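Thanks for coming. I will go through one model today, and I will keep to what can be computed from it.

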Amino acid sequence: MTVYGGDHPEYLRDAFRSAVHDQVLRPDQVVLVRDGPVSHELELCLKELVATSPVEVTFLRTETNRGLGPALDLGLSACRHDIVARMDADDVAVPHRFAVQVPIVRDGADLCGAGLLEFATSVDDLVGLRTPPSDPKDIARYSRLHDPFNHPTVVYRRRAVDAAGGYGDLPLMEDYWLFVRMIAGGARVVNVPEPLVYYRVGDGAYERRGGRDLLRSEIRLQREMLRGGHLSRTQYVRNLVIRGGYRLVPTVVRRPVYRMVVAPYGARRNRARDDQGPAPHDSKPHDSKPQDSALQD
């Protein structure tokens, strides 16, 4: 879990407790990264969480704000265990999140995501549901246009992340870029359709999905995907038009488009797959790259 100056103490406290105190399967180690200076109130909250945690906390501090990608890489370097879970500082994990996802990774997956529930003021104030595609082929196909994982829900093997080069420093797109590289490298990936995290959207979440800064990161991401062979030239142009245009439209347009088109995609794909009957060994994670062309049309 990384924390920076823009986080709220009360949200952080709820997130930390949900991922540590309230879990059926508690973590063995918590790595908490304070990325740059924070307010006095937030610093007191961090000290309280470290002091009262029922499990060991490795607390790392940086003097300047490095950004999410570098902060996550720093945190990963301090993890003593190979299975690592991401947790954002303003979300809430359901109590059985790790009990569901950790066994899947233990059984062979390199990366396991899950569905999430969007909430506004409290977890009782639900405003949306994001169901990711669960079949590895759908995940690979979807990754050419969208992030196929709800990034606050992921549990992965640290060595698989290291093999892909870590998060790196691609602001606002570091998760997506990492997941694309993991898929292309042959990581075994799977999504649990069940929502295992409550995702806070009450503080301008849809506004943050647009703007010129995000557009610049979007263009850089698409260039990196093209350069790495993850996209064809046609797919690259398509993505710039669709994803770039999405970043520039007003929030009043962006919100319903996301709710109607992007968020339900996984549910539609999962229903279509179920209608065709279960795939062999459907209960176990599959190899996301059965052929070298898994990321090609």
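Helices and strands here are DSSP runs, H or I of at least four residues for a helix and E of at least two for a strand, numbered from the N terminus. This is a predicted model, so local features need a pLDDT of at least 70, side-chain atom pairs count only at pLDDT 80 or more, and totals for chains, interfaces and linings use all residues. Residues are numbered from 1 along each chain as its sequence is written, and side-chain values use heavy atoms, with hydrogens and water left out.

First, the chain as a whole. There are eleven helices and ten strands. pLDDT is the predictor's confidence in each residue, from 0 to 100; the chain averages 86, and 80% of the residues score at least 70. Residues 278-297 stay under 50. A contact means heavy atoms within 4.5 Å, and for residues 278-297 the model has 40 contacts beyond four places in sequence. Taking contacts between residues at least 6 apart in sequence, 80% join residues at least 24 apart.

Now burial. Buried means under 20% relative accessible area, exposed means over 50%, and partly exposed is in between, with a 1.4 Å probe and protein chains only. Of the 297 residues, 53% count as buried.

How many of the residues of H7 are buried? Eleven of the eleven, so H7 is largely enclosed by the rest of the structure. The buried residues of H7 include charged side chains, by the usual grouping of Asp, Glu, Lys and Arg: among them are Glu-174, Asp-175 and Arg-181. Just after H7, Gly-186 takes a positive phi of about 95°.

Phe-179 lies in H7, which covers residues 174-184. Its relative accessible area is 0%, so Phe-179 is buried. Leaving out residues up to four places away in sequence, Phe-179 touches Leu-111, Asp-147, Phe-149, His-151 and Val-154. Take Phe-149 from that list: the two are 30 residues apart in sequence, and C-alpha to C-alpha they are 8.0 Å apart in space.

Phe-149 comes up again with Asn-191, because Asn-191, at 3% relative accessibility, counts as buried and has Phe-149 among the residues that it touches. Asn-191 is found in strand S9, residues 188-200. A polar contact is a pair of N or O atoms within 3.5 Å; within protein, one must be able to donate a hydrogen and the other to accept it, and residues adjacent in sequence count only if both atoms are side-chain atoms. Polar atoms of the Asn-191 side chain lie 2.9 Å from the backbone oxygen of Pro-133 and 3.0 Å from the backbone oxygen of Pro-148.

Ser-18, in helix H1, is also buried, at 3% relative accessibility. Its side chain reaches the backbone nitrogen of Ala-93 at 2.9 Å. Ser-18 touches Ala-93 too, along with Gln-23, Met-87, Asp-91 and Val-92, again not counting residues up to four places away.That is everything I have; questions, please.
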